[in-house]
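Q: I should like to learn how features of a protein fold are read from coordinates. Please take me through one model, giving the general idea before the particular case.

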Amino acid sequence: MTRRVVLIGHPVAHSLSGAMQQAAFDAAGIDARYELWDRAPLALPEAIAELHGEDFLGANVTIPHKEKVVPLVDKTTDEAHATGAVNTITKDGKRLIGHNTDVAGFTHALDALVGKQKMPRQAVVLGAGGGSRAVVFGLVRAGFQRVVVFNRHLHHGEALVKFFGRSAAHMELRAMPWHESVLEAELSKAKILVNATSVGLVPGETPIPGELIPPDLLVLDLIYNPAQTRLMREAEAAGCHVMNGEGMLLHQGAAAFELWTGTPAPLDLMREKLEEAIAAGGSTPADETPPAGAVADAAPVADAAPVADAAAVPAGD
Ligand code: NDP
């Protein structure tokens, strides 16, 4: 029986996970097929229930479902529990186990970004969704002393801070309103900026005006397609060291592969396939076209381009 692994998100049409995961299954001689399922939030419970079927090996979960899927699985691992977000599902018999391999992916990306420097202690994080939760957890675990979260809807940022309450009690974790003067003040104190919003998936959009970015920041944009976002270009022009989300995607994918198969991930092959897919423009065969406005649907977006060209919007992972 060919086993199935599905990526559940909305949108998913241009996800690059399929390119690296299918190549990894094939290279490991595992008879499995990686499928893309575009499911709107209302259809999520039904999609998760389907995974109980014998043919399913597991799933990835992406934008915007990583938090909403938590109560739909039978058990969560420590990292999924600690972040309140699930990006990978495995099976234990018929039981669904929720994992968070974004944490491992982010930790790899953070180490690569910081390189040989001393690990900084202050960060600004843009966004408070599922990806941001893995980022904040990774920063707390890496020993950061002050992390400030900015989010379009402040209450979502506040909920994230409240969620981490006890595990971040030894440090300062704060949600702040998305005002340029507040952002500017916090960026001038921080050493690291992480964009964990989906703003930038549409080329030309950027979450914050370039003028706010001080030189010498380390900037990680979780977006990997486009490979260079406007935020990255503007940060680089300001004198910052920048990195996109490709390394995080690769390492969260490798961890997920190992969980589904119990086999070491062919990391070099996965990297090669990911890079090929990015070079090809990020399009892999998809089952559906994302709905208009599915990703970035409201301000704040600096000099926002209209989001009408949603078919060009790749999936988050
Ligand atoms: P979610 O849907 O859970 O969260 C989306 C976040 O983006 C929210 O904070 C939301 O704010 C914010 N946002 C959306 N539109 C706007 C806008 N117009 N202006 C300002 N903020 C906005 O998605 P994820 O957390 O799963 O993913 C977020 C991004 O991170 C995606 O680009 C995804 O590709 C990337 N990612 C990459 C990974 C990798 O491996 N490289 C791993 C995980 C994520 P609000 O709460 O106000 O709606």
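Q: In which sense do β7 and strand β8 pair, and over how many bridges?

A: Pairing is read from the bridges between two strands and from their relative direction. In this predicted model, β7 and β8 (residues 146-150) pair in the parallel sense over 5 bridges. Within that pairing, V124 stands opposite V148 in β8.

Q: What do β7, helix α5 and β8 make together?

A: The path from one strand over a helix to the next has a handedness. Here β7, α5 (residues 130-141) and β8 make a β-α-β unit that is right-handed.

Q: To which strand is β7 joined by 4 bridges?

A: Strand β10 (residues 192-195) is joined to β7 by 4 bridges, and the two run parallel. In this pairing A123 stands opposite I192.

Q: How should the side chains of a strand be pictured, and why is β7 described as largely enclosed?

A: In a regular strand, side chains alternate between the two faces of the sheet. As for β7 (residues 122-126), 4 of its 5 residues are buried, so the strand is largely enclosed by the rest of the structure.

Q: What is the order of the strands in the open sheet?

A: A sheet is described by listing its strands from one edge to the other. The order is β9-β8-β7-β10-β11-β12, which gives an open sheet of 6 strands with parallel pairing. At the edges lie β9 (172-176) and β12 (241-243), each of which pairs on one side only. On average, neighbouring strands of this sheet are turned by 15° against each other, direction ignored.

Q: How many bridges join strand β11 to β12, and which helix packs on the sheet there?

A: Strand β11 (residues 218-221) runs parallel to β12 and is joined to it by 3 bridges; L220 stands opposite M243 in β12. Helix α4 packs on the sheet, touching both β11 and β12, and its direction makes about 150° with that of β11.

Q: How does the span of helix α9 compare with the expected one?

A: The end-to-end span of a helix can be set against the rise expected for its residues. Helix α9 (residues 246-261) has 16 residues and reaches 22 Å from its first C-alpha to its last, close to the 22 Å expected at 1.5 Å a residue. Just after α9, G262 takes a positive phi of about 70°.

Q: How many residues of α9 are buried, and what covers them?

A: An α-helix has 3.6 residues a turn, so residues three or four places apart point the same way. In α9, 12 of the 16 residues are buried, so the helix is largely enclosed by the rest of the structure. Among them are G247, M248, H251, A256 and W260. The covering elements include β1 (3-9), α1 (17-27), β3 (56-61), β5 (88-92), α4 (102-114) and α10 (267-279).

Q: Is H99 buried or exposed, and which residues is it in contact with?

A: Burial is judged by counting C-beta atoms around a residue. H99 belongs to strand β6 (residues 95-99) and is buried, because 26 other C-beta atoms lie within 10 Å, where 20 or more suffice. Leaving aside neighbours within four places in sequence, H99 is in contact with T77, E79, A80, V86, T88, T90 and L259. H99 and A256 are 157 residues apart in sequence, yet 8.5 Å apart in space, C-alpha to C-alpha.

Q: What share of the contacts in the chain joins residues at least 24 apart?

A: Among contacts between residues at least 6 apart in sequence, the share is 69%. For burial over the whole chain, 50% of the 317 residues count as buried. The secondary structure comes to 10 helices and 12 strands.

Methods:
Residues numbered from 1 in each chain as written. Predicted model: local features only at pLDDT ≥ 70, side-chain atom pairs only at ≥ 80, totals over all residues. Contact = placed C-beta atoms within 7 Å. Expected span 1.5 Å × (residues − 1). Pairing = 2+ DSSP bridges. Axes fitted to C-alpha atoms, helices over the stretch in contact; angles between N-to-C directions. Right-handed = clockwise from strand over helix to strand, strands pointing away.
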